[in-house]
Amino acid sequence: YKNSHFIVLDVLPDEVPYENGLRTFDLGDTQFRWFKNDLEKNKNARHIFIFLHSPVIPVTHSDFLHIFNPSRRKEFINLLLDYNIRAVFVGHSHKLSLLEYQSQGKTIVQVMTNSELKTLDVKEPELVITSYDPSKIIAGAPPHYKEGIREIVENSAPHIKKYFMCGMPGYLIVVVNKDKITINSFRGVTK
C-alpha cells in the first residue's frame, strides 16, 4: 500500500515440532524461505512492517521467537537489519512495550501492544519499566527455558538503546508520512 509492504508471519506452523512437550515459536523452514524471498522481492519498498505473535527481542520471560534455535534467531534478526525493517509488531506477553535494537548501524523498532482490557476505566499504567534488565527478564522464566533465555537476553542487552514496558492495555495508531513513521499509543478504549 503506497510503497509500504506488510508481512504477517505464522509463528506456530504445523511443521514446527514440539520441544520437551512444548510448542515453541518458530517460523519453520518453508515459511522462513518464503520470508527471505518476500523480503528480497520487496526490498525497494519505502517501508516494510512485520507482524507476528511472539516477540523477536524478549521483553519478558515468556516465549519468544526461535528460543531453541539460536542460529535461526540470529539469521532472522540479520534479515530485519539487512532489509531495513521499519517496525516489528508483536504480542503474546500482554504488555505495552517499545524497544529499539541497534546493530550494524541500523535500528529495529519492536512494538508490543496489550489488548488485555480488564475494565473500561483504565487509569495509569500498572507497571512502568524503562531499563532493559536481563536479570529481571530471566527471573520469572520456567527452569527449562532459563539457560536459553539467559544467553539470548544477555546478548540482546547491549543492543537495546531505548526500552519502555508497562502493564497498560490499549491500542496503537501508526501514521506514515513519507519517510517519517509515528506510533501513537492510547490507553484503554479512549485517547
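In the predicted model, seven strands are arranged as an open sheet; the pairing is mixed, and the strand order is β1-β4-β5-β7-β6-β9-β8. The edges of this sheet are occupied by β1 (4-8) and β8, each of which has a single partner strand, so one side of each is left without a neighbour in the sheet.

Within this order, β9 (residues 160-166) is paired with two strands, β6 and β8. Its pairing with β6 (96-103) is antiparallel and comprises 6 bridges. At one position along this pair, L98 stands opposite F164 of β9. The contact with the edge strand β8 (residues 128-129) is also antiparallel and consists of 2 bridges. Here V128 has C166 of β9 as its bridge partner. In a regular strand, side chains point alternately to one face of the sheet and to the other.

A further antiparallel pair is formed by β10 (residues 170-177) and β11 (residues 180-187), which are joined by 8 bridges. One of the paired positions involves L172, whose bridge partner in β11 is S185. The two strands make a hairpin with 2 residues between them. In the turn of this hairpin, K178 adopts a positive phi of about 55°.

Turning to the helices, the axes of α1 (residues 28-41) and α2 come within 11 Å of each other and cross at roughly 20°. Angles under 35 degrees count as roughly parallel, and α1 and α2 are therefore assigned to that class. The crossing of α1 and α2 is left-handed.

Helix α2 (70-82) also contributes to the largest pocket, as do β6 (96-103) and α4 (143-156); each of these three elements supplies at least two lining residues. The largest share of the lining, 6 residues, comes from α2. The volume of the largest pocket is about 270 Å³. Its lining is made up of 13 residues, and those closest to the pocket centre are R73, K74, I77, Y101 and N155. By residue class, the lining contains 5 nonpolar, 5 polar and 3 charged residues.

Two of the elements that line the pocket thus recur elsewhere in the description: β6 supplies lining residues and is bridged to β9 in the sheet, while α2 provides the largest share of the lining and crosses α1 at roughly 20°.

Terms used: Residues are numbered from 1 along each chain as its sequence is written. This is a predicted model: local features need pLDDT of at least 70, side-chain atom pairs count only at pLDDT 80 or more; totals for chains, interfaces and linings use all residues. Side-chain values use heavy atoms; hydrogens and water are left out. On a 1 Å grid over the protein atoms alone, a cavity is a set of points where a 1.4 Å probe fits but cannot get out, and a pocket is an open set with protein on both sides within 12 Å along at least five of seven lines; lining residues have an atom within 4 Å of a point. Grid points are joined across faces, edges and corners, and a volume is the space filled by probe spheres set on the points. Helices (H or I, at least four residues) and strands (E, at least two) are DSSP runs, numbered from the N terminus. Ala, Val, Leu, Ile, Met, Phe, Trp, Tyr, Cys and Pro count as nonpolar, Asp, Glu, Lys and Arg as charged, and the others, Gly among them, as polar. Two strands pair if DSSP finds at least two bridges between them. Axes are lines fitted to C-alpha atoms, for helices over the stretch in contact, and angles run from 0 to 180 degrees between N-to-C directions. Angles under 35 degrees count as roughly parallel, over 145 as roughly antiparallel, 65 to 115 as roughly perpendicular and the rest as oblique. A crossing is left-handed if the near helix is turned anticlockwise from the far one by less than a right angle, and right-handed if clockwise.
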